Amino acid sequence: MNIFDLLIHDVEKVLLNDVFLDETNKQQFVQLIKEHNYIQELTKYGLPVNNKILLEGSSGCGKTMTAKAIAGALGKNILILNLSNVVSARIGETSQNLKQVFDKAAREKAVLFLDEFDQIGKARGNDDKDVGEMRRLVNTLIQLIDYYPEKSLLLCATNHPEIIDPALTRRFQLRISFKMPGIKTLDAYYNSLLARFPQQFQNIERKYNISFAEAKDHSFTLIKSALISELEAKEEQKVIV
Ligand SMILES: Nc1ncnc2c1ncn2[C@@H]1O[C@H](COP(=O)(O)OP(=O)(O)OP(=O)(O)O)[C@@H](O)[C@H]1O
Ligand SMILES: [Mg+2]
């Protein structure tokens, strides 16, 4: 298997301002971006720059979107690797594969985004051999993270931070938590989603206690259905006339 085939090349442009973030998280990301913009000046004073960040929390609340927005804001390429696709039948191969990806990201000064980060370190069954190999893989990853150059940014995402080996989680200088949106935030999100549609489609029934991604799907489903009904009604009128 060629590991580079598993890299997702995503060129979607996302702005940090389009991500609904709580104020503390937003501030942390803005600071992170500024640190990288001023990296030369900061390192002149021996100041370390944060470059290993763990994005954790609920599905559909903006982890991937934020990673793309950060890369975009820095004008860097983003290399996206889903670790669940990488942990191959032979874990020994996985170490080598990961090393190649880290090397590529460092060489290209890209943003490396490892999604489903909890897939590493999770014991797969009770097979002693697997457990041993997984432990070696965790050690490899720890080394890769430790030697990852400051100029490159490593963003990792997980929905299950609690199952990650603490030896890995403590490598991250920042851990940022993405929470399910409350009613007020979702209302603001619905407003922003609906603004571009004609008035008659904006009055959809709003659902709460769901993620941003679910709210978006829900809205678009209703809008499509209303739009199609309107188009069909027009067609029928034509036939009658
Ligand atoms: N905070 C947010 N602000 C604005 N839009 C959002 C936000 N979170 C999610 N969305 C919308 O939902 C889509 C999916 O979100 P995203 O892929 O970033 O979630 P995620 O946290 O990475 O989820 P998963 O854990 O399932 O990978 C985004 O492309 C965007 O359209
Ligand atoms: Mg994601």
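In this predicted model, strands β1 and β3 run antiparallel and are joined by 2 bridges. One residue pair to look for here is His9 with Leu79, the latter being the bridge partner in β3. On β3, 4 of the 5 residues are buried, so the strand is mostly covered. β3 also pairs with β4, this time in the parallel sense and over 5 bridges; within that pairing, Asn82 has Asp115 of β4 as its bridge partner.

These pairings belong to an open sheet of 6 strands, arranged in the order β1-β3-β4-β5-β2-β6 with mixed pairing. The edges are taken by β1 (8-9) and β6, and because each has a single partner strand, one side of each is left without a neighbour in the sheet. Further along the order, β2 and β5 are parallel partners, connected over 5 bridges, and Leu54 finds its bridge partner in Cys156 of β5. As general background, strands of a sheet pair through backbone hydrogen bonds, in either a parallel or an antiparallel sense.

The sheet leads naturally to helix α3, whose buried residues are covered by elements including β2 (52-57), β3 (78-82), β4 (111-115), β5 (153-158) and β6 (174-178), along with the helix α1 (23-37). Of the 12 residues of α3, 9 are buried, so the helix is largely enclosed by the rest of the structure. The buried set runs through Lys63, Thr64, Met65, Thr66, Ala67, Lys68, Ala69, Ile70 and Ala71. Geometrically, α3 reaches 17 Å from its first C-alpha to its last, close to the 16 Å expected at 1.5 Å a residue. Gly75 follows the helix, with a positive phi near 65°.

Nonpolar packing can be viewed from Leu55. The largest nonpolar core has 43 residues, and Leu55, Phe113 and Leu155 are those with the most contacts inside it. Leaving aside residues up to four places away in sequence, Leu55 touches Lys63, Thr66 and Ala67, as well as Leu155, Cys156, Ala157, Ile176 and Phe178. More broadly, nonpolar side chains tend to be buried together in soluble globular proteins.

Helix α3 (63-74) also takes part in the surroundings of ligand 1: both α3 and α9 (212-240) supply at least two residues of the shell. In total, 15 residues surround the ligand, the closest being Ser59, Gly62, Thr64, Met65 and Phe212. Sorted by class, the shell comprises 8 nonpolar, 5 polar and 2 charged residues. Thr64 and Met65, listed among the closest residues to ligand 1, are also among the buried residues of α3.

Notes: Residues numbered from 1 in each chain as written. Chains lettered and ligands numbered in written order. Predicted model: local features only at pLDDT ≥ 70, side-chain atom pairs only at ≥ 80, totals over all residues. Core = buried A, V, L, I, M, F, W, Y, C linked by C-beta atoms within 7 Å. Buried ≥ 20, exposed ≤ 12 C-beta atoms within 10 Å, placed from the backbone. Contact = placed C-beta atoms within 7 Å. Near = placed C-beta within 6 Å. Nonpolar A, V, L, I, M, F, W, Y, C, P; charged D, E, K, R; others polar. Expected span 1.5 Å × (residues − 1). Pairing = 2+ DSSP bridges.
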